[in-house]
Amino acid sequence: MDNKRIAGIGEVHWHDGLPYFLFGQSDNGFIFKDEEAYKNDWNAPCYVPEYAAEDAAVVVDGIEYECGGENCDYYTHNDLLELCCGNREWCDALFNDIDWCYPETRIEEEDDTDTSYFYRFIKPGAKVWWNDPVGETSGEYEVFKVPFSFNEQGELTGDRDDFFLDAIVCIASSDSEAEVYVHELTPVYPDLITPSSMRFQDYEFNGTTYRCRIVTDKDGDDLVIASTKFLDALQPGSFEDENEGFASKEAENIYDEIFYFTDDTNLQLSDKQLVEVLKEDNVEWFD
């Protein structure tokens, strides 16, 4: 065993770099839940629902785990945040609420009116962060037109049917305007503001621009870090397919230039935070 951690509910043991879970009893089920990991390590397992253990038991070194390894449905803070469209308040509420079911199930049980409270920051004149799904123009904008409104308690006023996650909000920056979906907007969290020290490299592929990060390894060499969405575009097949699954020879050449692929949330981190993520699988490149 590499190491183990006793969580608020259950335990996680690590074998060969993979997590294996012992469940504990919550108010409504038999689960794994780690509030400290949720708060302090956004890439660590923090929740495993009860049904993830269905027919998934595995024995390692004489210990029977409810589930574990590559075939266990565990969630990290970043996984939950992606389900909540980057909205951190919604994510915190989701984590506090789930204690047996899959988080996707809990979200499906909510209607748009329930979710609206977490978007009460959207109002004319408010500064918001647009998470451009294409990744080209994410940044700080000002709202100038919105089809719904909230009172001081954060409750919808007027026609509640005007709010839904795909409702259109009009936003503007100093040099552009855009019509965007509600779910693409979040408050302007301080760590979203790009420090001037961050470096980027843009790749054009099949008519789309993919913005990548540049970080430095321990020898002072530059490494290109790209999104998993870019990886899906470059290599839509598997390594066992013809041409190893690459979309083209150009795609293969670009792939060879990229050191690591990660999710969009990690690409928004500071250089120091991003390097900490990279160290999890590539420690020899940085220490």
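In this predicted model, Tyr20 sits across from Gly68 of strand 9. The strand on the Tyr20 side of this pairing, strand 3, covers residues 18-22, and two bridges tie it to strand 9 in an antiparallel run. Both strands belong to an open, four-stranded sheet with antiparallel pairing, in which the strands line up in the order 1-2-3-9. The edges of that sheet go to strand 1 (3-6) and strand 9 (67-68); each has just a single partner strand, so one side of each is left with no neighbour in the sheet.

Next come the cysteines. The structure has one disulfide, and it links Cys67 to Cys72, with the two sulfur atoms 2.1 Å apart. Both partners, Cys67 and Cys72, are buried. Cys91, on the other hand, takes part in no disulfide: the nearest cysteine sulfur belongs to Cys84 and lies 4.8 Å away. Since a disulfide calls for sulfur atoms within 2.5 Å, that pair does not qualify. Cys91 has a relative accessibility of 0%, so it counts as buried. Cys101 is likewise in no disulfide, and here the nearest cysteine sulfur, again that of Cys84, is 12 Å away. With 6% relative accessibility, Cys101 falls under the 20% cut-off and therefore counts as buried.

Cys91 also turns up in helix 3, which spans residues 88-97 and buries Arg88, Trp90, Cys91, Leu94 and Phe95. Looking down the axis of helix 3, these buried residues stay within an arc of 155°, so they line one face of the helix. As for what covers them, the list includes two strands, namely strand 5 (30-33) and strand 6 (45-48), along with helix 1 (35-40), helix 2 (77-83), helix 4 (103-109) and helix 5 (112-116). At the start of helix 3, Asn87 points a side-chain oxygen to within 3.3 Å of the backbone nitrogen of Glu89.

Zooming out to the whole chain, there are nine helices and 21 strands. The C-alpha atoms fit a box of roughly 60 × 50 × 35 Å along the principal axes. Of the 287 residues in the chain, 43% are buried. Taking contacts between residues at least 6 apart in sequence, 54% connect residues at least 24 apart. The accessible surface of the chain adds up to about 15,500 Å², and carbon and sulfur atoms account for 44% of that surface.

Terms used
Residues are numbered from 1 along each chain as its sequence is written. This is a predicted model: local features need pLDDT of at least 70, side-chain atom pairs count only at pLDDT 80 or more; totals for chains, interfaces and linings use all residues. Side-chain values use heavy atoms; hydrogens and water are left out. Two strands pair if DSSP finds at least two bridges between them. Buried means under 20% relative accessible area, exposed over 50%, partly exposed in between (1.4 Å probe, protein chains only). The arc is that of the directions from the helix axis to the C-beta atoms. Contact means heavy atoms within 4.5 Å. A polar contact is a pair of N or O atoms within 3.5 Å; within protein, one must be able to donate a hydrogen and the other to accept it, and residues adjacent in sequence count only if both atoms are side-chain atoms. Accessible areas come from the Shrake-Rupley method with a 1.4 Å probe; for residues, only the protein chains shown count as cover.
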